[in-house]
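Work through these exercises with the structure open beside you. Try each task before you read its solution.

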Amino acid sequence: MEMMLTVRDLTKRYGSFKALDHFSMNVEKGAIYGFVGRNGAGKTTLIRTICGLQQPSYGEYTLMGYKHSDPQIVKSRRRMGAMIETPSLYGQLSAQENLKVQMRTLGLQDTREIDELLKEVGLSHTGRKKVKDFSLGMRQRLGIALALAGSPDFLVLDEPVNGLDPQGMIEVRELILKLNRQNQVTILISSHNLDELARLATVYGFIDHGQRVKEISAEELENACRKCVELTVEGNEILIETLEAYGADYRIKAGGTVEIYGETALSELILKLAQKGCTVTSMKEHDESLESYYLSLIGGEDHA
Amino acid sequence: MRRMIAAQSYRLIHEKGFWGGLAVTILYALAVLAFSAYAMINNGRSIALDQLYFYGYGLDSFIPVAGLVLAAVISFFVGTEYSSQTLRNALIIGRTRTEIYLSHYAVSLIVALIYQGVYALIVVLVGWPVFGGFHLSGALIGLGTLIGVLALAAYCALFNAVGLLSSSRTVSSIGCLCGVMLTMFLCFFLNTKLQEPEWIEALEMRDGSSQVYTLANPSYLNPSQRRFVQGVIDSLPSGQSLQLSGLNCGHWAVLPPISLIGIVLVQGIGLLLFQRKEIR
């Protein structure tokens with residue numbers, strides 16, 4: 001399978017701090033790669049490095065067949081588009097003018113593509129309004145449009161739905177899916193919005209403290225996600241005491257709800273709780289979410 | 001690089017700072033003409049068009065007007081790439097750092113040439129009928145123009161380097177403006193030192209009578225000091241601009257090579273540092 005991006009043992013140091021620590025990953029052509037990690041895990045550092053903004057301290061990466069040390073890598077970069085953290089826009093220019101600057105940098109003059117891009121991201125009505133007067137969501141949309149200029153084969157999006165309203169999130173999701181399915185664009189998305197990512201990604205990469213924790217396909221994730229029962233009770237203490245006695249695998253969620261994993265004799269559990277005076281107010285069965293899987297991988301001890 | 005220059009030129013014409021600098025240049029040209037005409041008519045002063053032409057590089061050997069305007073416009077224009085983080089856009093799609101650096105320099109040079117060209121056009125078109133034509137030969141006017149243009153090119157190299165190496169637009173704007181002003185005062189001070197006479201007169205009172213005698217000026221620079229101080233003035237774009245504007249330089253032929261060496265050095269060092277700069 002052709003790889004758009006291969007990262008091997010990539011390390012990036014800022015002084016004595018290691019932002020990336022022998023990190024490796026593979027992004028196959030045609031994939032939507034969901035890049036997941038907590039704040040400060042190293043996601044943006046990796047994206048900056050593969051976009052050529054910074055040099056790695058150690059290790060290598062290969063972008064569409066060219067190693068990062070090869071001067072010919074510029075050929076790969078011309079087939080790439082990216083939006084890193086906040087969109088990079090000229091505040092004094094309008095949306096169309098920003099796109100014109102980008103198109104000229106690419107060596108393109110097609111104004112029809114500009115009109116289509118603005119329509120695609122829902123900004124065709126902005127006229128001569130300066131970007132400095134745009135809302136956060138409008139800037140985000142324009143940032144995506146800039147990343148799409150020149151019809152890239154590989155798109156890197158760092159928090160693309162940040163600041164977007166629900167309608168905007170749906171539109172961006174549909175745009176990403178359309179680009180991937182119709183135009184075979186490979187996409188690397190870094191996002192904290194796990195629900196949104198779960199609707200998009202075909203592969204997930206988890207990062208923590210600059211190291212790869214796991215790389216897993218959507219199919220494998222679905223198989224790995226455990227079934228669980230979600231119980232809401234009056235007073236968690238009795239439930240937790242009972243679950244500890246049973247040796248059950250459980251996780252306490254916000255709002256007093258507890259998720260219990262694996263096979264559990266529910267009838268026996270509920271009777272035991274009733275005997276101890278603990279009332280079960282709600283019970284639901286569902287699959288483990290991406291959020292739960294992520295927390296089980298990365299750990300939520302910082303928020304315990 | 002052609003693409004980068006095209007993109008940056010497009011941005012330039014939409015930049016308010018560029019048009020502001022052009023307006024200042026036009027106003028300056030008109031002010032120079034107006035005040036000179038007033039001095040000629042009311043005070044009977046004789047004013048040559050040559051002097052007004054070279055005022056485009058500096059005002060009366062004191063204020064490097066062109067340098068100040070370019071410092072403000074170029075440092076702001078280049079520094080915007082950091083404040084808006086748009087430098088990333090070009091790097092991501094494969095433009096090299098050399099292309100980015102040199103294209104910004106090229107556009108800075110275009111700004112300098114436009115401003116200087118507009119100034120010269122206004123002064124010559126309006127000034128010729130009022131003050132008469134040039135008194136200096138065409139060759140000297142040409143050489144002077146070359147010196148002036150290369151001094152502006154040296155300014156552009158410095159401002160471009162500061163703008164692209166400093167991650168803060170505010171710091172680079174203040175740095176460039178302060179740099180021009182500091183070198184302006186330095187050149188003025190050094191020039192004053194060069195103007196010190198070799199001999200001074202002293203008055204001595206003895207036995208009720210006064211006697212005037214000549215003695216060596218302790219502030220007079222010896223030949224090697226004079227060469228050093230002149231060298232410092234010649235090596236600075238502000239120094240060259242001010243000498244040109246005052247038409248008080250006796251060694252014009254030396255100045256263009258000095259500017260060229262300065263430009264190559266600044267470009268080389270600036271480019272080397274920019275290649276290694278981490279962009280956020």
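The exercises below concern a predicted model.

**Exercise 1. The interface**

Task: Describe the contact between chain A and chain B, by residues and by area.

Solution.
- Step 1. Count the residues. On the chain A side, 30 residues are in contact, and they meet 29 residues of chain B.
- Step 2. Take the area. About 2700 Å² is buried between chain A and chain B. Carbon and sulfur atoms give 53% of that area.
- Step 3. Find the main contributors. A:Leu53, A:Tyr90 and A:Thr105 supply 25% of the area that chain A buries against chain B. No other three residues supply more.

**Exercise 2. Polar links and elements at the interface**

Task: Find which polar links join chain A and chain B, and which elements of chain A give two or more residues to its side of the interface.

Solution.
- Step 1. Look for salt bridges. There is one across the interface of chain A and chain B. Its partners are A:Lys12 and B:Glu278, with the closest N and O atoms 2.4 Å apart.
- Step 2. Add the polar contacts. Between chain A and chain B, 15 residue pairs are in polar contact, both residues being at pLDDT 80 or more.
- Step 3. Name the elements. On the side of chain A that touches chain B, two or more residues each come from β1 (3-14), α2 (73-77), β6 (80-83) and α3 (95-106) of chain A.
- Step 4. Pick out the largest share. α3(A) gives seven residues.
- Step 5. Sort by class. The side of chain A that touches chain B holds 13 nonpolar, ten polar and seven charged residues.

**Exercise 3. The nonpolar cores**

Task: Locate the largest nonpolar core and look around A:Phe154.

Solution.
- Step 1. Recall the background. Nonpolar side chains tend to be buried together in soluble globular proteins.
- Step 2. Size the core. The largest nonpolar core has 92 residues. Those with the most contacts inside it are A:Leu5, A:Val7, A:Leu46, A:Phe154, A:Leu188 and B:Leu70.
- Step 3. Zoom in on A:Phe154. Leaving aside residues up to four places away in sequence, A:Phe154 touches, among others, A:Leu5, A:Val27, A:Leu63, A:Met80 and A:Leu188.
- Step 4. Look for another core. One of 49 residues lies apart from the largest, and includes A:Leu118, A:Leu123, A:Leu179 and A:Leu290.

**Exercise 4. Chain B as a whole**

Task: Sketch the make-up of chain B.

Solution.
- Step 1. Count the elements. Chain B has eleven helices and two strands.
- Step 2. Read their order. From the N terminus it is α-α-α-α-α-α-α-α-β-β-α-α-α.
- Step 3. Take the dimensions. The C-alpha trace of chain B spans about 85 × 45 × 30 Å along its principal axes.
- Step 4. Check burial. Of the 280 residues of chain B, 48% count as buried.
- Step 5. Check sequence range. Among contacts in chain B with a separation of 6 or more, 77% join residues 24 or more positions apart.

**Exercise 5. An enclosed helix and the loop after it**

Task: Decide whether B:Ser238 is buried or exposed. Do the same for B:Ala253.

Solution.
- Step 1. Place B:Ser238. It sits in helix α10 (residues 237-246) of chain B.
- Step 2. Apply the cut-off. Buried means under 20% relative accessible area. B:Ser238 has 1% relative accessibility, so it is buried.
- Step 3. List its neighbors. Beyond residues up to four places away in sequence, B:Ser238 touches B:Pro64, B:Tyr155, B:Val180, B:Thr183, B:Met184 and B:Cys187.
- Step 4. Widen the view. α10(B) is largely enclosed by the rest of the structure because nine of its ten residues are buried. Its cover includes α3 (49-54), α7 (138-165), α8 (169-195), α9 (223-235) and α11 of chain B.
- Step 5. Step past the helix. Just after α10(B), B:Leu247 takes a positive phi of about 50°.
- Step 6. Turn to B:Ala253. This residue lies in the loop between α10 and α11 (255-276) of chain B. B:Ala253 has a relative accessible area of 59%, so it is exposed.

**Exercise 6. Buried salt bridges**

Task: Judge whether B:Glu15 and B:Arg11 are buried or exposed.

Solution.
- Step 1. Start with the total. Over all chains there are 18 salt bridges.
- Step 2. Find the pair. The side chains of B:Glu15 and B:Arg11 meet in a salt bridge at 3.7 Å, N to O.
- Step 3. Check each end. B:Glu15 is buried, at 8% relative accessible area. B:Arg11 is also buried, at 0%.

Key:
Residues are numbered from 1 along each chain as its sequence is written. Chains are lettered from A and ligands numbered from 1 in the order in which they are written. This is a predicted model: local features need pLDDT of at least 70, side-chain atom pairs count only at pLDDT 80 or more; totals for chains, interfaces and linings use all residues. Side-chain values use heavy atoms; hydrogens and water are left out. Contact means heavy atoms within 4.5 Å. Buried area is the accessible area (1.4 Å probe) that two parts lose on being put together, summed over both. A salt bridge is a side-chain nitrogen of Lys or Arg within 4 Å of a carboxyl oxygen of Asp or Glu. A polar contact is a pair of N or O atoms within 3.5 Å; within protein, one must be able to donate a hydrogen and the other to accept it, and residues adjacent in sequence count only if both atoms are side-chain atoms. Helices (H or I, at least four residues) and strands (E, at least two) are DSSP runs, numbered from the N terminus. Ala, Val, Leu, Ile, Met, Phe, Trp, Tyr, Cys and Pro count as nonpolar, Asp, Glu, Lys and Arg as charged, and the others, Gly among them, as polar. A nonpolar core is a set of buried Ala, Val, Leu, Ile, Met, Phe, Trp, Tyr and Cys residues joined through side-chain atoms within 4.5 Å. Buried means under 20% relative accessible area, exposed over 50%, partly exposed in between (1.4 Å probe, protein chains only).
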